[in-house]
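Got your viewer open and a selection box ready? Let's take a walk through this one, stop by stop.

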Amino acid sequence: MLGVQDFIGYYDWTFEYLRRNYGEQAVFDYWGKAIAFDSQRHARQLFLEKGFEGMYEYWAHTLEMEEAGYTFDRGEDYFHTDMFDCPSKGHLIQRDLEAYHDYCEHCMGWIKPLMEEAGFVVNHEHNHAGQCWWEMRRADDRSVKAPPVENPNDVRRLENWKQESHHLYLNSEPVDKS
Amino acid sequence: MSAGDFYYGINATFRFIHDTWGREALVDYWTSMAHQYHAEVSDRFRAGGLDEVQRYWSDYFAKEPGGEVTVQQAHGQVEIQVTDCPAIRWLKNGGREIVPYYCEHCHHVSTVIAEEAGMAFKLEGGNGTCRQIFGLKEA
């Protein structure tokens, strides 16, 4: 039986299987359709019906269940998460697993389409080492740069935040940091 | 406890591959996964025999969220009696439409794992209750 205890391992393997057999676009379609609108339909419902509060409900439940290291910060205009110990990426790093070339991209792959549908944009950065931050804002609340480091729990304050290569997204679109 | 909501991802993945590329593609996905991702499990079974098969599945089901499963070794085979499958239970409780071919992954994945270990696998039942048997191949 395929169980959930090693899901992350064969989830990562599945990305590479799809890429190898059907091309990179198939991986994006998989995240944007199967994961976003089928697997994560409970998240979709919360985002659509409750907005920022729904995001808190979803991630508070999910990250607790996955035993992640994270903090939340909520305001009238945003929902912010700092992930300093991602259980998914951590599972792969600990076991030296890396079938697909960019596992971390799967989060934007399913979260972005659901946020767009619910009327929000995603600002996000990950370092491919199990650390990232997310800030969801309403679609008309555009950002020209990443939010300032003000919160004491901001993952960007960590000494090892700058390790590995970083991917940054503003208003749900990738930003070239070079 | 493992995150049971990942069962939603498994169910959705099967549906996506089946609906996009067809049944043969889904079977290829399962057997490829068994040959590649689960190669280490086959190695363990080959090296440790039925004792390792029993140990592996006992530990595995113990770590899944919920369900009712017994794993016993007798008469030269390991029998996994699934009275209440944790995956089917979680999906049903979550109100998910379970793909009708969900249980087939156990047959395809475990058959390859067993064959690669020089063993045979048999599956009876499904939809939450089944009997799975790993045995040595007859000479």
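What follows is a tour of selections, each with a short note on what you'll find there. Keep in mind that this is a predicted model.

**Stop 1: helix 1 of chain B**

Select residues 6–21 of chain B, and you have the 16 residues of helix 1. From first C-alpha to last, helix 1 of chain B reaches 23 Å, close to the 22 Å expected at 1.5 Å a residue. Hide everything else for a second, then bring it back: is helix 1 of chain B largely enclosed by the rest of the structure, or left open? It's largely enclosed, because 12 of its 16 residues are buried. To color those, pick B:F6, B:Y7, B:Y8, B:G9, B:I10, B:N11, B:A12, B:T13, B:F14, B:R15, B:F16 and B:I17.

Now show what those buried residues pack against. From chain A you get helix 1 (7–22) and helix 2 (24–39). From chain B itself come helix 2 (23–36), helix 4 (86–93) and helix 5 (104–116). Before moving on, click B:G22, which follows helix 1 of chain B and has a positive phi, near 100°.

**Stop 2: where the chains meet**

Color by chain and look at the contact between them. Chain B puts in 26 residues and chain A 21. On the chain B side, helix 1, helix 2, helix 3 (39–63) and helix 5 each supply at least two residues. Which of the elements gives the largest share of the side of chain B that touches chain A? That's helix 1 of chain B, with nine residues. Recolor by class and the chain B side splits into 15 nonpolar, seven polar and four charged residues.

**Stop 3: the nonpolar core**

Next, the largest nonpolar core, which has 87 residues. Select A:L114, A:M115, A:V122, B:Y7, B:V109 and B:I113; these touch the most other members. Helix 1 of chain B turns up again here, giving the most to this core with eight residues.

Zoom in on B:Y7. Leaving out residues up to four places away in sequence, B:Y7 touches A:V4, B:A87, B:W90 and B:L91.

**Stop 4: the sheet in chain B**

Switch to cartoon and find the open sheet of four strands in chain B, ordered 1-2-4-3 with antiparallel pairing. Which strands stand at the edges? Strand 1 (68–74) and strand 3 (119–126) of chain B do; each has a single partner strand, so one side of each is left without a neighbour in the sheet. Going from one strand to the next, the twist averages 10°.

Turn on helix 3 of chain B as well. This helix packs on the sheet and touches strand 1, strand 2 (77–84), strand 3 and strand 4 of chain B. Its direction makes about 160° with that of strand 1 of chain B.

For a closer look at the pairing, select strand 3 and strand 4 (residues 129–136) of chain B: eight bridges join them, and they run antiparallel. One pair to label is B:E124 with its bridge partner B:R131 in strand 4.

**Stop 5: B:I88**

Hop to B:I88, in helix 4 of chain B. Why does B:I88 count as buried? Because 22 other C-beta atoms lie within 10 Å, and the cut-off is 20 or more. Its contacts, again skipping residues up to four places away in sequence, are B:I98, B:N127 and B:G128. If you like distances, draw one from the C-alpha of B:I88 to that of B:Y102: they are 14 residues apart along the chain and separated by 8.8 Å.

**Stop 6: over to chain A**

Chain A has an open sheet of six strands, in the order 1-2-4-3-5-6, with antiparallel pairing. Strand 1 (69–74) and strand 6 (173–175) of chain A are at the edges, each with a single partner strand, so each has one side without a neighbour in the sheet. On average, neighbouring strands of this sheet are turned by 20° against each other, direction ignored.

Two pairs to pick out:

- Strand 1 and strand 2 (residues 78–85) of chain A run antiparallel, joined by six bridges. A hairpin connects them through three residues, and A:G69 stands opposite A:D85.
- Strand 3 (residues 120–126) and strand 4 (residues 132–138) of chain A run antiparallel too, joined by seven bridges. Here A:V121 stands opposite A:R137.

**Last stop: A:Y11**

Finish at A:Y11, in helix 1 of chain A. With 21 C-beta neighbours inside 10 Å, A:Y11 counts as buried. Draw one more line, from its C-alpha to that of A:P147: the two are 136 residues apart along the chain and separated by 31 Å.

How values were computed
Residues numbered from 1 in each chain as written. Chains lettered and ligands numbered in written order. Predicted model: local features only at pLDDT ≥ 70, side-chain atom pairs only at ≥ 80, totals over all residues. Expected span 1.5 Å × (residues − 1). Contact = placed C-beta atoms within 7 Å. Nonpolar A, V, L, I, M, F, W, Y, C, P; charged D, E, K, R; others polar. Core = buried A, V, L, I, M, F, W, Y, C linked by C-beta atoms within 7 Å. Pairing = 2+ DSSP bridges. Axes fitted to C-alpha atoms, helices over the stretch in contact; angles between N-to-C directions.
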